[in-house]
Amino acid sequence: MDLIDPFGRTIRDLRISVTDRCNFRCTYCMPEEGMKWVPRSEVLTFEEIERLSRIFVERFEVDGLRLTGGEPTVRAHLPVLVAKLAALRVPTTSSSPLAGRKPDLSITTNGSTFRLQAHDLREAGLDRVNISLDTLQRDKFLQMTRRDELERVLDGIEAAKEAGFSPVKINAVVERGVNDDEIVDLARWARDTGVELRFIEFMPLDATGHWLNDKVVGQDEIVAALQAEFPLELMPARGAAPADRWRYLDGGGTVGVIPTVTKPFCDDCDRVRLTADGQFRTCLFATTEFDLMKMMRAGATDDQVAAEIQRAVGTKWAGHQINQVTFVKPRRTMSQIGG
Ligand code: SAM
Ligand code: SF4
């Protein structure tokens, strides 16, 4: 049975935060210190994540599961979870291209320890990886992530390629006055390295409250900077995927932009989210959460949990309101929600 929201959008993609903890402290995501971590006893177990994923995939025909966080690779034994999720099957009766097969399994990671895990995650059934990298300059990397780990991330990207992930996607958040001078350098590096780069507009989900509209480098500005160096052509519409994509006219591959702030793509949104502490959210910017962990731990049946998921999806709003005065910043940061 499809999970359809009040605006007729079918939910196909579940983002699962496996931890709120992280080995980095990116300035646009976390404060340097003082984060309050969810106690381990209140983090969903692998069995709970598997149970909820089974409901989403086998009842509601969700065909994409993305692991995120915090930093998902800091969760111990992650390949064990991936193997559990790889055993799920999208119903054969589904209209999904993956009907009868396992859901598409992906991860978003900062890449710093990916060398150690790439092979095992691939073997366990992980299909795709997105690695975050905002700068190629060591001092700026230290400034942005508060960790001196550029080399390890670059090595993690190589490890992902070696393990057979293709394409490896790179997420780069652009913040005005911080790394907007590197748009072309990052694009050139991605072309040379054979990875697919997607720039992300800076969103108001930072912990320190330093987000300002002026700090957002919008899609038009990013594309103009790229166009001046590498002629580009817009590719056909993206469907439910968040990135708009362009093709380099010289055959150098593609580049994307996720324009959450300047060109919201809410009309095509097919995503819902599960936080590490078992809260179900129908939008990254939602201000309401549905406590699925509490229900499960109180003994709810699958039918009851499924009914609560349907009730929650029934409240999914048409879109976020970042550009309007009515916008209310979510209580939790990107790392706590699961980006
Ligand atoms: N730790 C992993 C990582 O960094 O890739 C996964 C979680 S992180 C919250 C997911 C994505 O959100 C990353 O690509 C990160 O750069 C992005 N992100 C974090 N805070 C952001 C913000 N305020 N605006 C836009 N993107 C942000
Ligand atoms: Fe950690 Fe990812 Fe947030 Fe950076 S963006 S602090 S790596 S969760």
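Before I turn to the model itself, let me say that two strands are taken to pair when DSSP finds at least two bridges between them. What you have in front of you is a predicted model, and I would like to begin with its sheet, where that definition is needed.

In strand 9, Gly-256 is the residue that stands opposite Arg-198. The two strands concerned are strand 6, covering residues 196–201, and strand 9, covering residues 254–258, and they run parallel, with four bridges joining them. In general, the strands of a sheet pair through backbone hydrogen bonds, and they may do so in a parallel or an antiparallel way. Taken as a whole, the sheet is an open one of twelve strands with mixed pairing, and if you trace across it the order is 7-8-9-6-5-4-3-2-1-10-11-12. The edges are held by strand 7 (232–234) and strand 12 (290–291), and each of these has a single partner strand, so one side of each is left without a neighbour in the sheet.

Let me stay with the sheet a moment longer and bring in a helix. Helix 2, residues 78–86, lies across strand 2 (64–68) and strand 3 (104–109), and its direction makes an angle of about 170° with that of strand 2. Strand 3 is also the place of Asp-104, whose side chain is joined to that of Arg-128 by a polar contact of 2.7 Å. Leaving aside residues up to four places away in sequence, Asp-104 touches Asp-63, Gly-64, Leu-65, Leu-98, Asp-127 and Arg-128.

Now to a pair of helices. How do helix 1 and helix 9 lie with respect to each other? The axes of helix 1 (residues 46–59) and helix 9 (residues 302–313) come within 11 Å and cross at roughly 70°, and the two helices are therefore roughly perpendicular to each other. On the side of helix 1, Arg-51, Leu-52, Ile-55, Phe-56 and Arg-59 take part, and they meet Asp-302, Asp-303, Val-305, Ala-306 and Ile-309 of helix 9. Sorted by class, the residues of this contact are six nonpolar and four charged, with no polar ones.

Next, the ligands. Ligand 1 is surrounded by 18 residues, of which the closest are Tyr-28, Gly-70, Glu-71, Ser-132 and Met-203. A nitrogen atom of ligand 1 lies 3.0 Å from a polar backbone atom of Gly-70, and a nitrogen atom of the ligand is also found 2.8 Å from a polar backbone atom of Met-203. An oxygen atom of ligand 1, in turn, is 3.3 Å from an N or O atom in the side chain of Asn-171. Around ligand 2 we find Cys-22, Phe-24, Cys-26, Tyr-28, Cys-29, Gly-70 and Asn-110, a shell with five nonpolar residues, two polar ones and no charged ones.

I will finish with two details of the backbone, both in loops. The peptide bond from Ser-166 to Pro-167 is cis, with omega near -5°, and Pro-167 belongs to the loop between helix 5 (150–162) and strand 5 (169–174). In the loop between helix 1 and strand 2 sits Glu-61, a residue other than glycine whose phi is nevertheless positive, near 60°.

Methods: Residues numbered from 1 in each chain as written. Chains lettered and ligands numbered in written order. Predicted model: local features only at pLDDT ≥ 70, side-chain atom pairs only at ≥ 80, totals over all residues. Heavy atoms only, no water. Axes fitted to C-alpha atoms, helices over the stretch in contact; angles between N-to-C directions. Parallel < 35°, antiparallel > 145°, perpendicular 65-115°, else oblique. Contact = heavy atoms within 4.5 Å. Nonpolar A, V, L, I, M, F, W, Y, C, P; charged D, E, K, R; others polar. Near = heavy atom within 4 Å. Polar contact = N/O pair within 3.5 Å; in protein donor to acceptor, adjacent residues only side chain to side chain.
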